[in-house]
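Me: Please take one part of this model and look at it closely. Start with a residue at the surface, then follow what lies further along the chain.

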Amino acid sequence: GGEAAMREMIFSVDRISDYIKDIFDSDATLSDIRIKGEVSNYSESKNNAYFVLKGSKSQINCVYFAVDLRDYVPKNGDSCVARGSVTYYKAAGKVSFYVTDIQPAGVGDAYLKLLQLKDRLEKEGLFDERHKVGLPYFAKRIGVITSKSGAVIHDIIKTARKNFPGVDIVLYPTSVQGATSASEIAEGIRVMDRAGVDVIIVARGGGSAEDLAAYNTELVARAVYECETPVISAVGHETDYTLCDLAADARAATPTAAAQMVVPDAEMLSDRIAALMSHISLKVSGIYAKAHAQLKTTLSGMYSALDGRLDAGALRIKLMCEDIRHKAESA
């Protein structure tokens, strides 16, 4: 039958390699997955890393591109969790795991769950730049979501009012950690979105991964994403990115920096206005001087042309008069 005929066919190496690769590429189980194992045989070439991830009875070849741009680079003996896709590399006849990200496994299950949540929200589009809106250059009314006690709200008030004393600051007090903090922060964002503020600052004074847990929840990330008012996230430190940071329209390293982003210094603003007025004045003076020179040139040309015409007319009249007089005398 047909099956027997298929078995008797002789395939080229290229054709069977294409067939094998198609099987790997079409299998969703092998695409964008995480594999846990121990790093071994690590080497680098042309900014790419090559190693194997070992299990207890087996191993898989890994390729990690642009390793020089990575925050974390694995080394032999590290227990790691790698994200990527399994593919068949036809040129070498090898199965390889193309790694897009790798983290030490020692960070624990909570961190892996956070990474999985981040991946899911990222695929859904919660962090897309095209959804982000620009910040107001000069916010007259700022909504702040943070604890009513502590340095954060005082830092924001101090910076904003130092820059511009007339700025209005509205606080929505929440706890910044604990069982209820995520729901309080999310509700605060929704309330502030309806309150008519120019910008919302979600802030806290940094902390450990556990301290920042509320800002790494789907609840807060979605509230930020759905908020129509521009949101600045000022939680954690410069190196700690939370889901709140990724969903926000802008991120500030500190609450003070967040206030500076939307309330420019009044003196600096005054100096800038004075410089602009001076620039406008020079421009207007230049335009006036140019127009005056053009008008002068045009009038001068008109006078010259008119003067020439008057001279020609006077000569004709003089000649006519002389002709008449000559005729009268000879009559």
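**From a surface residue to the ring pairs**

Reply: Met9 has a relative accessible area of 34%, so Met9 counts as partly exposed (buried is under 20%, exposed over 50%, partly exposed in between, with a 1.4 Å probe and protein chains only). The model is predicted, so local features need pLDDT of at least 70 and side-chain atom pairs 80 or more, while totals for chains, interfaces and linings use all residues. Residues are numbered from 1 along each chain as its sequence is written, and side-chain values use heavy atoms, without hydrogens and water.

Met9 sits in the loop between α1 (2–8) and α2 (13–26) (helices are DSSP H or I runs of at least four residues, strands E runs of at least two, numbered from the N terminus).

Further along is helix α4, residues 151–163. Its buried residues are Val152, Ile153, Ile156, Thr159, Ala160 and Asn163. Seen down the axis of α4, these fall within an arc of 140°, so they line one face of the helix (the arc uses directions from the axis to the C-beta atoms). The face turned away from the buried side carries the exposed residues His154, Lys158 and Lys162.

The model has four aromatic pairs (Phe, Tyr or Trp rings, six-membered for Trp, with centres within 6.5 Å; planes under 30 degrees apart are stacked, over 60 edge-to-face, the rest tilted). One of them, Phe24 with Tyr88, is stacked, at 6.1 Å centre to centre and 20° between the planes. Phe24 belongs to helix α2 and Tyr88 to strand β4 (residues 79–89), 64 residues apart. Both Phe24 and Tyr88 are buried.

Conventions. The expected span of a helix is 1.5 Å times one less than its number of residues.
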